[in-house]
Amino acid sequence: MWYGWGWGGMFFMLLIMVLFLALVIAAIVALFRYFGGTHPTHRPGPPPPPGEPGAGGRRAEDLLAERFARGEIDEEEYRRRLALLREHR
């Protein structure tokens, strides 16, 4: 079957076999990650209710408080932005 190719045929078959095995291994790893729950979008449990810690609005207030604590914004700016966040809640 590969008689006319010589050593080139052997290397070609080896290359194809390695690529095929790499593809099979990558598919198996992807399936384990997807069904195993280790993909980055997996978040167990229901989302927190609005206003509770971990909710989107609360997180924005926490970030604002951290910026104020680090001195990135002054007190006036902090209070103005906090009032704006709470107004649009």
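## Exercises on a predicted three-helix chain

By the ring-pairing rule, the count comes to 2 aromatic pairs. The model used throughout is predicted.

**Exercise 1. Classify the aromatic pair of Tyr34 and Phe35.**

Step 1. Take the distance. The ring centres of Tyr34 and Phe35 lie 5.1 Å apart. The cut-off for a pair is within 6.5 Å.

Step 2. Take the angle. The planes of Tyr34 and Phe35 stand at 80 degrees. Planes over 60 degrees apart count as edge-to-face.

Step 3. Conclude. Tyr34 and Phe35 form an edge-to-face pair. Tyr34 is exposed, and Phe35 is exposed too.

**Exercise 2. Classify the pair of Phe68 and Tyr78, and place each ring in the chain.**

Step 1. The ring centres of Phe68 and Tyr78 are 4.8 Å apart, and the planes meet at 20 degrees. The pair is therefore stacked, since planes under 30 degrees apart count as such.

Step 2. Locate the partners. Phe68 belongs to helix H2 and Tyr78 to helix H3. They are 10 residues apart, and the pair links distant parts of the chain.

Step 3. Check the cover. Buried means under 20% relative accessible area. Tyr78 has 17%, so Tyr78 is buried. Phe68 has 32%, so Phe68 is partly exposed.

**Exercise 3. Test the length of helix H3, then find which residues are buried and which are exposed.**

Step 1. Helix H3 covers residues 75-87, which is 13 residues. The expected span uses one less than the number of residues. At 1.5 Å a residue, H3 should span 18 Å.

Step 2. Compare. The end C-alpha atoms of H3 are 18 Å apart, which agrees.

Step 3. List the buried residues of H3: Glu77, Tyr78 and Leu82. Down the axis of H3, these buried residues fall within an arc of 125 degrees, so they line one face of the helix.

Step 4. Turn to the other side of H3. There Glu76, Arg79 and Glu87 are exposed.

**Exercise 4. Is Glu61 buried or exposed, and what does Glu61 contact?**

Step 1. Glu61 sits in helix H2, residues 56-70.

Step 2. Its relative accessible area is 4%, so Glu61 is buried.

Step 3. Set aside neighbours within four places in sequence. Glu61 is then in contact with Leu82, Leu85, Arg86 and Arg89. Of these, Leu82 is one of the buried residues of H3.

**Exercise 5. Summarise the whole chain.**

Step 1. Count the elements: 3 helices and 0 strands. Along the sequence the pattern reads α-α-α.

Step 2. Of the 89 residues in the chain, 9% are buried.

Step 3. The chain exposes about 7,900 Å², and carbon and sulfur atoms supply 67% of that area.

Conventions:
Residues are numbered from 1 along each chain as its sequence is written. This is a predicted model: local features need pLDDT of at least 70, side-chain atom pairs count only at pLDDT 80 or more; totals for chains, interfaces and linings use all residues. Side-chain values use heavy atoms; hydrogens and water are left out. Helices (H or I, at least four residues) and strands (E, at least two) are DSSP runs, numbered from the N terminus. Buried means under 20% relative accessible area, exposed over 50%, partly exposed in between (1.4 Å probe, protein chains only). The arc is that of the directions from the helix axis to the C-beta atoms. Accessible areas come from the Shrake-Rupley method with a 1.4 Å probe; for residues, only the protein chains shown count as cover. Contact means heavy atoms within 4.5 Å. Rings of Phe, Tyr and Trp (its six-membered ring) pair if their centres lie within 6.5 Å; planes under 30 degrees apart count as stacked, over 60 as edge-to-face and the rest as tilted.
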